[in-house]
Amino acid sequence: MAIELNKERVAQASALIEKAKKIVILTHVAPDGDAMGSALALYHYCKGDGLQVTVIVPNAFPAFFNWMPGADKILIYETQAAECDKVIAEADLFLCTDFNEPKRINPAGDKMLANPAPKIMIDHHLNPTDFADVTFSFTEACSASEIVFRLLSALGVQPTFDIATCLYTGIMTDTGNFSYNSDCPELFEIVAQLLRTGIDKNAIYNAVFNQYSTDRVRLTGFALYRKMRIYPDYHLALITLSADELDQYHYKTGDCEGLVNMPLQIADVHYSVFMREERPKPGTTRPRIRISFRSQGDRPVNVWAHEIFHGGGHMNASGGDLLGSLNQAVKLFEESYPKYISKD
Ligand code: 5GP
Ligand code: MN
C-alpha cells in the first residue's frame with residue numbers, strides 16, 4: 001500500500017509547527033538510530049531564531065550516535081529529570097516520533113500528557129494509541145525517519161545536509177543497512193534525494209557500525225561462543241547475558257545492539273531471542289530482564305513478546321521484559337515457545 005500523508009493533517013501539522021515557540025521532541029526509550037535520526041531531523045527542521053526546540057530521550061543513547069548533528073543538545077530524562085520536567089511543562093507543542101504509546105516513554109509520557117499543548121505523532125509501529133492531535137502512523141513505513149522525510153516533502157521542505165544525515169541514519173539502521181523492510185522502490189528514491197544533499201553514506205555507516213570498543217567485540221564473541229543455545233526442532237536460538245558477565249566486558253549502553261540478529265546468520269535458525277540482565281534499580285530487589293525477539297519471513301514474534309513478556313513490536317522484531325531472574329525468564333521462554341512459534 002502506498003504511503004500517502006493526509007493533506008488536511010499535513011496542513012494541521014504545518015499550522016501547529018508554525019505557531020509554536022517552545023517545541024519538545026520526544027522519542028522512545030533505549031534510543032536507536034531511527035529514534036535519534038527522526039527526532040534530530042525534526043529538531044533541525046524546527047529550530048530557529050527566538051524558538052526553543054528541545055529533544056528529550058527517556059534514557060541514554062549509545063555513544064556511537066554522539067557524532068550525529070544536534071546529539072550534543074539532547075536532554076536525557078533519566079539523568080536530567082528536573083530540567084526535562086520544566087521544558088515539558090512549558091512546551092507549547094510536542095512532536096512524538098518512533099513510538100505510539102506515551103507509556104513507553106514514562107515518566108516523560110505522563111508529564112507530556114499533563115500538558116494540554118497540542119501533540120503530533122509520527123510512527124511506524126503496530127497498534128497506535130490515539131493520544132495525539134495529529135497522527136502520522138504508517139506501519140508499512142520502514143522507519144519513522146521515512147515518515148519524517150515524507151512529512152517534510154509534503155510541507156515543501158528540501159532536506160538540508162544535517163536533516164539528510166539524520167534521516168539516512170534512521171533509514172539505514174531500521175532496515176539493517178537495507179537488508180529488510182526495504183524493498184519498496186520509493187524508499188530508494190527517498191535515499192537518492194538524501195544523497196543529493198552531499199551526505200557521505202559510507203562515512204555514516206562507519207560512524208555507526210565500525211566504531212566499537214574492543215570490549216564490545218569480545219563480548220559479542222563470548223556471547224556467541226559460550227552463551228548461545230540452539231533449539232533445533234524450532235529453528236530457535238537463545239542468548240543470555242547476566243549482569244556479572246556484562247560487567248566483565250565493561251558493558252556500556254548499546255554494546256549488545258545487533259547481537260540478537262547474529263544467530264539468524266545460521267542457515268537453520270529462523271527465530272532468535274536475546275536476554276540481558278539489568279541489576280535491580282536502587283530501592284528494589286528484583287533484576288529486570290530485557291528481552292529482544294527477532295525472526296525471519298512470515299513468523300511473527302510480537303504476540304509472544306506481548307502475551308508473555310509485556311512487550312510487543314513488529315512482526316519480525318519485538319521486545320519485552322520481565323522483573324525477575326534470568327533463570328525465571330529462561331524457564332518462561334522454554335515453557336512458552338512451542339505455543340508461539342512454528343516448527344517450519
Ligand atoms: P529491541 O529488541 O530492539 O529492543 O526492540 C525491537 C522492537 O520491538 C522495536 O521496534 C521496539 O519498538 C519494539 N519494542 C521493544 N520493547 C517493547 C515493549 O516493551 N513494548 C512494545 N510495545 N514494543 C517494544
Ligand atoms: Mn523505528
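This note takes up the domain arrangement, the manganese site and the C-terminal part of a predicted model.

1. The chain falls into domain 1 (7–208) and domain 2 (214–340), whose C-alpha centres lie 27 Å apart. Contact between them involves 7 residues of domain 1 and 7 residues of domain 2, and the two domains bury about 630 Å² between them, 58% of it on carbon and sulfur atoms. On the domain 1 side, Pro-62, Phe-64 and Leu-126 lose the most area to domain 2, together accounting for 48% of what that side buries.

2. The manganese ion (ligand 2) is coordinated at 2.2 to 2.4 Å by Asp-34 (OD), Asp-98 (OD), His-124 (NE2) and Asp-174 (OD), and along the chain these donors follow the spacing D-x63-D-x25-H-x49-D. Distant parts of the chain are linked in this way, since Asp-98 sits in the loop between strand S4 (93–97) and helix H4 (108–114), whereas Asp-174, 76 residues apart from Asp-98, belongs to helix H6 (residues 161–174).

3. Because the cut-off for a buried residue is under 20% relative accessible area, Asp-98 counts as buried at 1%, and Asp-174 is buried as well, with a value of 15%.

4. Helix H12 (residues 326–340) has 15 residues, which at 1.5 Å a residue should span 21 Å, and the 20 Å between its end C-alpha atoms therefore agrees with expectation. A kink of about 30 degrees nevertheless lies at Glu-334, shortly before the proline Pro-338.

5. The buried residues of H12 are Leu-326, Ala-329, Val-330, Phe-333, Ser-336, Tyr-337 and Tyr-340, and the elements covering them include helix H11 (302–309) and several strands, among them S9 (271–278) and S10 (288–295).

How values were computed:
Residues numbered from 1 in each chain as written. Chains lettered and ligands numbered in written order. Predicted model: local features only at pLDDT ≥ 70, side-chain atom pairs only at ≥ 80, totals over all residues. Heavy atoms only, no water. Helix = DSSP H or I, 4+ residues; strand = E, 2+ residues; numbered from the N terminus. Expected span 1.5 Å × (residues − 1). Bend = angle between axes of the 7 residues up to and from the residue. Buried < 20%, exposed > 50% of the residue type's maximum accessible area, 1.4 Å probe, protein only. Contact = heavy atoms within 4.5 Å. Donors = N, O, S within 2.8 Å, 3.2 Å for Na, K, Ca; no water. Domains from an automatic or database assignment. Buried area = accessible area lost by both parts, 1.4 Å probe.
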